[in-house]
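This report introduces a protein chain to a reader who has not met it before. Please look at the sequence and the structure together before reading on.

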Amino acid sequence: VHSRGLFAENKDRSLQKGISVRVTEQCSTHKVYIQEDPTSVVTSMGVRVTLSLQKTDESYVLDKRSSHSTAYSIPYTQDCGEDDICHTDLALRVNQKTVLESSQLPYIISSVNRSVTFAVNLRNNKENAYNAKVKATFSKNL
């Protein structure tokens, strides 16, 4: 499993399990925990399945022409509507919070007023906005 995931059975990225091959199809379900990684929330999860014989002294042989390992990519559901494109409508509101909020005078940072506070509100009015960020930059002399 990709580095972001761990199998629930052993809390590890890899899981070994013995199965007996039968004529009928067999399915196994394994729970995978995905570590939170906001930078890759829309990147699919990679899983690799590798086949090998447990008892090499017996006469069973895997087909030499076929791959013994197969990689799968499990996509995330983006919840972005039928077109699979996220149409966002981000609204940013910034308000300066000062001691003298009712005053119409400009707020001056000085030896008396040593700090300034802002209230930042970001709202999305449409579909998911993955990895939306607010970046604040300030003058170096603050």
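## Overall architecture

Strands are runs of at least two residues assigned E by DSSP, and they are numbered from the N terminus. On that basis, the chain of this predicted model reads β-β-β-β-β-β along its sequence. It holds six strands and zero helices.

The chain has 142 residues, and buried residues account for 7% of them. Its accessible surface is about 12,700 Å², and carbon and sulfur atoms contribute 51% of that area. When contacts between residues at least 6 apart in sequence are considered, 61% of them link residues at least 24 apart.

## A loop residue with positive phi

Lys-11 belongs to the loop that runs between β1 (5–7) and β2 (32–34). The phi angle of Lys-11 is near 55°, which is a positive value in a residue other than glycine. Most residues other than glycine have a negative phi.

Is Lys-11 buried or exposed? Lys-11 has a relative accessible area of 54%, and it counts as exposed because the cut-off for that class is over 50%.

## Strand β3 and a distant partner in sequence

Gly-46 is located in strand β3, which covers residues 45–50. With a relative accessible area of 26%, Gly-46 is partly exposed, since this class lies between the limits of 20% and 50%.

Which residue lies 25 positions from Gly-46 in sequence and 7.0 Å from it in space, C-alpha to C-alpha? That residue is Ala-71.

## The nonpolar surface patch

A nonpolar patch of about 740 Å² is present on the surface. Its members are Leu-90, Leu-92, Val-94, Phe-118, Val-120, Leu-122, Val-134 and Phe-138. Strands β5 (90–97) and β6 (117–124) each provide at least two residues of this patch.

Phe-118, one of the patch residues, lies in strand β6. Its relative accessibility is 42%, and Phe-118 is therefore classed as partly exposed. The value is also above the cut-off of over 30% relative accessible area that patch residues must meet.

## Asn-121 in strand β6

Asn-121 is placed in strand β6. It has a relative accessible area of 33% and is partly exposed.

What does Asn-121 touch, apart from its neighbours within four places in sequence? The contacts of Asn-121 are with Ala-91, Leu-92 and Arg-93. Of these residues, Leu-92 is also a member of the nonpolar patch. Asn-121 and Ala-91 are 30 residues apart along the chain, and their C-alpha atoms are separated by 8.0 Å.

## Asn-125 after strand β6

Asn-125 is found in the segment that follows β6. Its relative accessibility is 41%, and Asn-125 is accordingly counted as partly exposed.

Setting aside residues up to four places away in sequence, Asn-125 is in contact with Asp-89 and Ala-91. Ala-91 is thus a residue touched by Asn-125 and is also among the contacts of Asn-121. Thr-88 lies 37 residues from Asn-125 along the chain, with 6.9 Å between the two C-alpha atoms. In addition, the side chains of Asn-125 and Arg-123 make a polar contact at 2.9 Å.

Methods. Residues are numbered from 1 along each chain as its sequence is written. This is a predicted model: local features need pLDDT of at least 70, side-chain atom pairs count only at pLDDT 80 or more; totals for chains, interfaces and linings use all residues. Side-chain values use heavy atoms; hydrogens and water are left out. Helices (H or I, at least four residues) and strands (E, at least two) are DSSP runs, numbered from the N terminus. Buried means under 20% relative accessible area, exposed over 50%, partly exposed in between (1.4 Å probe, protein chains only). Contact means heavy atoms within 4.5 Å. Accessible areas come from the Shrake-Rupley method with a 1.4 Å probe; for residues, only the protein chains shown count as cover. Patches are made of residues with over 30% relative accessible area and no salt bridge: like charges are joined within 9 Å, nonpolar side chains (Val, Leu, Ile, Met, Phe, Trp, Tyr) within 5 Å. A salt bridge is a side-chain nitrogen of Lys or Arg within 4 Å of a carboxyl oxygen of Asp or Glu. A polar contact is a pair of N or O atoms within 3.5 Å; within protein, one must be able to donate a hydrogen and the other to accept it, and residues adjacent in sequence count only if both atoms are side-chain atoms.
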